[in-house]
Amino acid sequence: MQQILAFVEEEQLGPGDHLPAERELADQLGVSRATLAQALVALEVLGVIDVKHGTGAVLVYRPSVATVLRELHEHKNRLPDIVEARSTLEVKLASLAAERRTDDDLKRINHALEVMAQEIADGDRGEKGDELFHEAITGAAKSSVLQKLMTFISEMVLETRLESLGQPGRPERSLESHRKITEAIAAGDPKGAAAAMQEHIELVSDVALLKEIQ
């Protein structure tokens, strides 16, 4: 990340400017594409860059290295709290969705699965489909208070979504996890849906991105 920020400074890149393609940038920095990809995900989580499939990484703002390192530490420190909140809220939402979902709710859930599957097939990470899936589960639960709480933590959930789906092989595993949750909801199995959601939260909270940051 320090090398990327140094490159941004050297090239005098500003907001809206594109970074070079991953292969080119990795060669220029002398790192593997896998290492570069992880650094780009971290910068995306912090809002320094915006990454879109097909257009690459766009600089949102140009921070100092000290600012990025401070924000990384803050992000790492709040991750356990975000995971705890998601586990508390979304496990209950999945259980309620299995009890209260309508046929239209199930259609929205299945549509989200299709969107995510298509994104992954197109080489993307499935972020939109993932977002739609969790929104559909929340809607199917028919709990206005829990829905407001999910809205309140949505920005923090976005951090974990970007970080998790940036892990190699994670989009495919996350999609399969979504399918298990959907099966339980479709079957009207609250306990099964809750268990599947808890397993999913544990999966997405297992991120290697910041484990080496002390």
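## Spaces and helix contacts in a predicted model

Let's begin with a small enclosed space: the lining of the largest cavity divides into two nonpolar, four polar and three charged residues. Keep in mind as you look around that this is a predicted model. The largest cavity holds about 60 Å³ of space, and the structure has three cavities of 30 Å³ or more.

Which residues line the largest cavity? You can pick them out one by one: Arg86, Asp130, His134, Thr160, Arg161, Ser164, Leu165, His200 and Val204. Helices H6, H8 and H10 are the elements that each give two or more residues to this lining. The largest share comes from H8, which supplies four residues.

Now let's follow the helices themselves, starting with H4. Two packed helices are described by the angle between their axes and the distance between the axes. For helix H4 (residues 65-100) and H8, the axes come within 10 Å and cross at roughly 105°. That crossing makes H4 roughly perpendicular to H8. On the H4 side of this contact you will find His75, Arg78, Leu79, Ile82 and Arg86, and they meet Met156, Val157, Glu159, Thr160 and Glu163 in H8. Sorted by character, the residues of this contact are four nonpolar, two polar and four charged. Two names here may be familiar, since Arg86 and Thr160 are also among the residues that line the largest cavity.

H4 has another partner to show you. H4 and H6 pack with their axes 7 Å apart, at an angle of about 60°. The two helices are therefore oblique to each other, and H4 passes H6 in a left-handed crossing. From H4, the contact uses Arg86, Glu90, Leu93, Ala94, Leu96, Ala97 and Arg100, while H6 brings His134, Ile137, Thr138, Ala140 and Ala141. Seven of the residues in this contact are nonpolar, two are polar and three are charged. Look again for Arg86 and His134, which are both part of the largest cavity's lining.

Next, move along the chain to H9 and H10. How do helix H9 (residues 170-186) and helix H10 (residues 190-204) cross? Their axes come within 8 Å and cross at roughly 165°. H9 and H10 are therefore roughly antiparallel to each other, and H9 passes H10 in a left-handed crossing. The H9 residues in this contact are Arg170, Arg173, Ser174, Ser177, His178, Lys180, Ile181, Ala184 and Ile185, and they meet Gly192, Ala193, Ala196, Met197, Glu199, His200, Leu203 and Val204 in H10. Together these contact residues divide into eight nonpolar, five polar and four charged. His200 and Val204 of H10 link back to the start of our walk, as both help to line the largest cavity.

Finally, let's turn to an open space. The largest pocket contains about 1000 Å³ of space. Its lining takes in 41 residues, and those nearest the pocket's centre are Glu44, Val51, Asp124, Arg125 and Glu127. Many elements take part: helix H2 (22-29), helix H3 (33-45), strand S1 (49-52), strand S2 (56-59), helix H5 (103-121), helix H6 (127-141), helix H8 (154-165) and H9 each give two or more residues to the lining. Which helix gives the most to this lining? The answer is H3, with eight residues. Over the whole lining of the largest pocket, 17 residues are nonpolar, 10 are polar and 14 are charged.

Technical notes
Residues numbered from 1 in each chain as written. Predicted model: local features only at pLDDT ≥ 70, side-chain atom pairs only at ≥ 80, totals over all residues. Heavy atoms only, no water. Axes fitted to C-alpha atoms, helices over the stretch in contact; angles between N-to-C directions. Parallel < 35°, antiparallel > 145°, perpendicular 65-115°, else oblique. Left-handed = near helix turned anticlockwise from the far one by under 90°. Contact = heavy atoms within 4.5 Å. Nonpolar A, V, L, I, M, F, W, Y, C, P; charged D, E, K, R; others polar. 1 Å grid on protein atoms, 1.4 Å probe; cavity = no way out; pocket = protein on both sides within 12 Å on 5 of 7 lines; lining within 4 Å. Points joined across faces, edges and corners; volume = space filled by probe spheres on them.
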